[in-house]
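Below are some notes on this model, set out as numbered points for a colleague who wishes to check them against the coordinates.

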Amino acid sequence: MLRKLSFVLAACGIAIGGAAITANAVAQEGTRISDEPALFQAFGEKAGLARIMDDFMVNLLADPRTRTFFEKADQKRIKEQLVDQFCYILNGPCEYKGAKMKPMHSELGITRENFNALVEQLQFAMDKNNVPFRAQNKLLAVLAPMHRDIVTK
Amino acid sequence: MKPNVQPRRLRTLLAGGIAGSLLMAGSAFADSGLSTSGKLLLTGGVTNIEGSAGGGLTPWAVIGGYGTEGQVGGNAFYTNVHATDYTLRTGGALVGLFDRVELSFAQQKFDTRDVGTALGLGQGFTFTQKVYGAKVKLLGDAVLEQDSALPQIAIGFQQKENDRGALLNALGIKHDKGTDYYVSATKLFLGQSILLNGTVRFTKANQTGILGFGTATKDKYQAMAEGSIAWLLRKDLAIGAEFRQKPNNFAFKEDNWYDVFIAYAPTKNVSVTLAYVDLGNIVIKDKQRGAYLSLQVGF
């Protein structure tokens with residue numbers, strides 16, 4: 001049984017390796033996750049997202065890898081936009097009306113390191129607000145591909 | 001076994017020294033303005049028994065260490081596999097360059113314990129194998145490309161040198177040196193918190209090279225399938241299972257390997273992996289099962 005299962009696992013892994021499927025053309029402002037009804041609640045709905053963004057911004061300003069991109073920016077507005085964007089992705093009652101990801105980030109010279117640091121700080125903020133790990137990953141799975149529009153250096 | 005005490009202590013000291021130097025190297029890079037540790041926790045994998053970044057039994061397509069683009073990373077590891085009748089002790093280190101290239105070295109000591117006496121080789125007869133590895137990431141990104149089914153794909157080799165050539169020849173084994181080539185595909189399915197890896201290894205090795213490479217009658221490369229599945233429970237904690245198909249060139253039966261593992265990374269500098277391994281038959285002993293414990297330090 002274990003042997004059979006292992007063969008299947010190996011075969012799955014290799015099948016994935018063989019299938020060179022190109023990236024979907026997904027709107028880079030984030031796809032809505034419509035098949036997870038409890039997800040928005042797991043983040044504490046809009047009020048919970050606002051608390052997470054407050055902590056997130058504190059973290060971003062404290063981290064030397066992300067500080068420079070936020071210290072001179074309109075932090076209140078960024079937080080509001082992120083609440084709307086995440087609320088929209090999590091299938092909450094919001095529309096994202098903020099700027100497009102690509103033009104907004106094109107001049108910033110953001111590296112992969114900066115991007116990953118931001119993800120780390122978001123994880124810390126979600127941890128602090130008791131968002132379950134699996135729910136965090138659902139959101140991060142939608143945000144992660146945005147590196148293509150955000151990381152330019 | 002008094003004479004053993006000194007070298008063992010020396011090894012422990014050495015290992016501590018390497019670990020310390022690695023951590024210092026990490027902070028030195030940081031001080032020099034060259035940043036380090038830009039990868040997310042556990043996304044560099046742990047270290048396989050042959051020194052490559054991956055799971056415990058099989059290499060993955062990830063580049064070891066926490067260096068992302070424009071950064072270097074590195075780590076050192078020590079792994080002890082205590083099976084029913086044999087012990088495998090492995091130590092080594094790797095560097096990851098720019099999340100593109102990985103260079104690794106490992107030294108394996110396969111201790112036959114009482115089996116050594118039974119085979120007339122002497123109590124605790126030990127095979128030592130050095131493994132020099134290199135890996136290149138070809139394409140994809142296992143972690144960030146979450147809207148694509150394309151995994152991260154890497155190719156690599158592990159060049160192995162066994163120190164018991166004369167004995168292996170006497171047993172009808174063709175070579176005391178050999179090179180495994182592999183291609184690995186790794187993908188994190190973040191929405192499901194699952195990581196999958198598949199590896200195909202081209203090898204002539206008997207028991208991964210611990211018993212040399214090829215035999216007088218069978219001396220051809222064979223493609224072997226390896227796989228890992230990991231379920232992320234927290235960002236610092238994963239459990240999973242692995243499988244490694246093995247050739248069967250030798251007069252003594254050789255079985256496929258399996259493990260179930262738990263890996264914990266309290267910080268980016270340290271990870272501990274504990275596994276239960278099933279190595280099957282090794283030479284004259286069936287059902288070689290036991291504990292696998294691995295410690296990794298790095299940046």
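Helices, as the word is used here, are DSSP runs of H or I with at least four residues, while strands are runs of E with at least two, and both are numbered from the N terminus.

1. The model is a predicted one, and its chain A reads α-α-α-α-α-α-α-α-α along the sequence, which amounts to 9 helices and 0 strands. Chain B, for its part, has 3 helices and 16 strands.

2. As for burial, 34% of the 153 residues of chain A count as buried, and for chain B the figure is 51% of 299 residues. Taking contacts between residues at least 6 apart in sequence, 78% of those in chain A join residues at least 24 apart, and in chain B 58% do so.

3. Two packed helices are described by the angle between their axes and the distance between the axes. In chain A, helix α3 (residues 45–62) and helix α5 (residues 75–89) pack at an angle of about 135°, and their axes are 9 Å apart. That angle makes α3(A) oblique to α5(A), because angles over 115 degrees count as oblique until they exceed 145. The crossing of these two helices, α3(A) and α5(A), is right-handed.

4. On the α3(A) side of this contact stand A:Lys46, A:Leu49, A:Ala50, A:Met53, A:Asp54 and A:Met57, and they meet A:Gln75, A:Lys79, A:Leu82, A:Val83, A:Phe86 and A:Cys87 of α5(A). By class, the residues of the contact comprise 8 nonpolar, 1 polar and 3 charged.

5. Helix α8 (residues 133–143) of chain A is largely enclosed by the rest of the structure, because 8 of its 11 residues are buried. The buried residues of α8(A) are A:Gln136, A:Asn137, A:Lys138, A:Leu139, A:Leu140, A:Ala141, A:Val142 and A:Leu143, and what covers them includes α2 (39–42), α5 and α7 (112–128) of chain A.

6. Most residues other than glycine have a negative phi, and two residues of chain B may be looked at with that in mind. B:Ser193, in the loop between β9 (177–189) and β10 (194–203) of chain B, has a positive phi near 55°. B:Ser193 counts as buried because 20 other C-beta atoms lie within 10 Å, and the cut-off for a buried residue is 20 or more.

7. The other residue is B:Thr208, whose phi is near 60°, again a positive value in a residue other than glycine. B:Thr208 belongs to the loop between β10 and β11 (213–215) of chain B, and it is buried, with 25 other C-beta atoms within 10 Å.

Conventions: Residues numbered from 1 in each chain as written. Chains lettered and ligands numbered in written order. Predicted model: local features only at pLDDT ≥ 70, side-chain atom pairs only at ≥ 80, totals over all residues. Axes fitted to C-alpha atoms, helices over the stretch in contact; angles between N-to-C directions. Parallel < 35°, antiparallel > 145°, perpendicular 65-115°, else oblique. Left-handed = near helix turned anticlockwise from the far one by under 90°. Contact = placed C-beta atoms within 7 Å. Nonpolar A, V, L, I, M, F, W, Y, C, P; charged D, E, K, R; others polar. Buried ≥ 20, exposed ≤ 12 C-beta atoms within 10 Å, placed from the backbone.
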